[in-house]
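These are my notebook entries on what I looked up in this structure. I began with the surface and then turned to the backbone.

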Amino acid sequence: MNLSHSKLATILSCPMTYYLRYEAGVFQKVEKPALAIGSAVHWGIEHNTDDLSEYFKEQGMFKQGDNYTPDQMLAEAMVGAYIKKKPELYEEMLRSPKNGKKLELLEDTHEVYLTGKLPNSVADQDHKFVGIVDLLLLTNEGFILVDYKTSSREPDWDAYLDQL
């Protein structure tokens, strides 16, 4: 069985929802603007551009035409703010939690796909766990994992601990 954080959280909270969504392919067909905005923001950050017009054309998630929707403008504004603040953000992220000294950035990689094994106590075959790290920073002292959040609300950091 291949599990992601989302799948694992679903099966633990409601096995029937897991079955319907992931096994039977039955789910609510609700378009969530926040998901579309988040995907657009991730794309812009990965491509280091706040011009998301190429993304909008490729994905077809947003209305095409001469005028952007408010969601499209919001996504571009979020990426623009990230790009503008990127040096300050990296400066803050690249500090040792031990002593506050500046870490040397050796490499930064977007969209890192990870896989691992989860032991299965019922069957002989382990479960495969998969996940994506939005940004992985390799420093002279180790790795820093970054998971972008595009919510307009103040995040509940404790709610993200199981995802990490």
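I looked up Asp51 to see how far it is covered, keeping in mind that the model is predicted. Asp51 has a relative accessibility of 42%, and I noted it as partly exposed because that class lies between the buried limit of under 20% and the exposed limit of over 50%. Asp51 sits in the loop that runs between helix 3 (33–46) and helix 4 (53–59). On the surface, Asp51 belongs to a patch of negative charge, where it gathers with Asp50, Glu54 and Glu58.

Next I turned to a nonpolar patch on the surface, which covers about 380 Å² and is made by Met16, Tyr19, Leu20 and Val26. From this group I followed Tyr19, which I found in helix 2 (residues 15–23). With 45% relative accessibility, Tyr19 counts as partly exposed.

Then I checked the backbone angles, with one general point in mind: most residues other than glycine have a negative phi. Asn48 is not a glycine, yet I read a positive phi of about 55 degrees for it. Asn48 lies in the loop between helix 3 and helix 4, and its relative accessibility of 47% makes it partly exposed.

Which value does phi take in Glu111? I found it near 55 degrees, again positive in a residue other than glycine. Glu111 has its place in strand 2 (residues 105–118), and I entered Glu111 as partly exposed, since its relative accessible area is 24%.

Definitions and conventions
Residues numbered from 1 in each chain as written. Predicted model: local features only at pLDDT ≥ 70, side-chain atom pairs only at ≥ 80, totals over all residues. Heavy atoms only, no water. Patch = residues over 30% accessible without salt bridge, like charges linked within 9 Å, V, L, I, M, F, W, Y side chains within 5 Å. Areas by Shrake-Rupley, 256 points an atom, 1.4 Å probe, with all protein chains shown as cover. Salt bridge = Lys/Arg side-chain N within 4 Å of Asp/Glu carboxyl O. Lys, Arg positive; Asp, Glu negative; His and termini not counted. Charge placed at Lys NZ, Arg CZ, Asp CG, Glu CD. Helix = DSSP H or I, 4+ residues; strand = E, 2+ residues; numbered from the N terminus. Buried < 20%, exposed > 50% of the residue type's maximum accessible area, 1.4 Å probe, protein only.
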